[in-house]
Amino acid sequence: MRGDPILRTVARFAVPLTLWVSVVIFLQGHNLPGGGFIAGVMAGAAGAMYLLAFGPGRAIRYRWWKVSVCGLLVSITTGTVPFLMGRPYMQHAVWHFELPVIGLYELPSATFFDLGVYMIVLGTLMTIFVEMAQEGR
């Protein structure tokens, strides 16, 4: 166990809170300022906080670069699907759903592009942070 007890205690509350803020920023990014990039940076900050408080032991198990690659594939697919359907590359579409408790819900295709950006940023930052944490070993 690395880090001091105060940092570990604060991190137990701050990491989930930071991840929650990341999700909120991601979801509001199509109608208000925010989106995939800044939400990915927030999630990366939560990862860095976790590494500082608890060490890289658990984070080493994951191949974070694979998250970046999957994010790139999601973003490219988001642009390619409309193109293959005879529309312009990355044409935006909005789907409307009627959900039981929520009511009318809009799902823009930009959400999937932003999800890819989120994954690219998170995967890249966590790869860098984990590699830096292992540097002294």
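How many residues does α4 have, and how far does α4 reach from its first C-alpha to its last? In this predicted model, α4 has 25 residues and covers 36 Å between its first and last C-alpha atoms, close to the 36 Å expected at 1.5 Å a residue. The helix belongs to a chain whose secondary structure comes to 4 helices and 2 strands, arranged along the sequence in the pattern α-α-α-β-β-α. The C-alpha trace spans about 55 × 35 × 25 Å along its principal axes. Of the 137 residues of the chain, 33% count as buried. Among contacts between residues at least 6 apart in sequence, 65% join residues at least 24 apart.

A convenient place to start is α1 and its partner α2. The 24 residues of α1 should span 34 Å at 1.5 Å a residue, and the end C-alpha atoms of α1 are 35 Å apart, so the two values agree. The helix nevertheless contains a kink of about 35°, centred on A11. Residue A11 is also one of the buried residues of α1, a list that further holds R8, A14, V15, T18, S22, I25 and F26. In general, an α-helix has 3.6 residues a turn, so residues three or four places apart point the same way. The cover over the buried residues of α1 includes α2 and α4.

The axes of α1 and α2 come within 8 Å and cross at roughly 170°. Since angles over 145 degrees count as roughly antiparallel, α1 and α2 are therefore roughly antiparallel to each other. On the α1 side, the contact is made by L7, R8, A11, R12, A14, V15, T18, L19, V21, S22, I25 and F26. On the α2 side, it involves G36, I38, A39, M42, A43, A46, M49, Y50, L52, A53 and F54.

Between these two helices, the loop from α1 to α2 holds G35. With a relative accessible area of 3%, G35 falls under the 20% cut-off and is therefore buried. Leaving aside residues up to four places away in sequence, G35 touches I25, F26, G29 and D114. A further link across the sequence can be read from F113: G35 and F113 are 78 residues apart in sequence, yet their C-alpha atoms are 9.8 Å apart in space.

The nonpolar interior comes next. In soluble globular proteins, nonpolar side chains tend to be buried together. Here the largest nonpolar core has 11 residues in all: I25, F26, A39, A43, L51, A59, W64, Y118, L122, M126 and V130. Helices α1 (5-28), α2 (36-54) and α4 (110-134) each supply at least two residues of this core, and α4 gives the most, with 4 residues. One of the core members, A39, touches S22, I25, F26 and Y118, not counting residues up to four places away in sequence. Apart from this core lies another, of 5 residues, among them A11, V15, A53 and F54.

What does α4 bury, and against which elements do its buried residues pack? The buried residues of α4 are T111, D114, G116, V117, Y118, M119, V121, L122, G123, M126 and V130. They pack against α1, α2, α3 and β2 (103-108).

Helix α3 has 21 residues and reaches 30 Å from its first C-alpha to its last, close to the 30 Å expected at 1.5 Å a residue. A bend of about 25° occurs in α3 at T78, and a proline, P82, follows within four residues. Both T78 and P82 are buried, as are W64, S68, G71, S75 and G79 of α3. The cover over the buried residues of α3 includes α4.

Two backbone details follow α3. Just after this helix, G86 takes a positive phi of about 85°. Farther along, M90 lies in the loop between α3 (64-84) and β1 (94-99). Most residues other than glycine have a negative phi. The phi of M90, however, is near 65°, a positive value in a residue other than glycine. With a relative accessible area of 38%, M90 is partly exposed.

Methods:
Residues numbered from 1 in each chain as written. Predicted model: local features only at pLDDT ≥ 70, side-chain atom pairs only at ≥ 80, totals over all residues. Heavy atoms only, no water. Core = buried A, V, L, I, M, F, W, Y, C linked by side-chain atoms within 4.5 Å. Buried < 20%, exposed > 50% of the residue type's maximum accessible area, 1.4 Å probe, protein only. Contact = heavy atoms within 4.5 Å. Expected span 1.5 Å × (residues − 1). Bend = angle between axes of the 7 residues up to and from the residue. Axes fitted to C-alpha atoms, helices over the stretch in contact; angles between N-to-C directions. Parallel < 35°, antiparallel > 145°, perpendicular 65-115°, else oblique.
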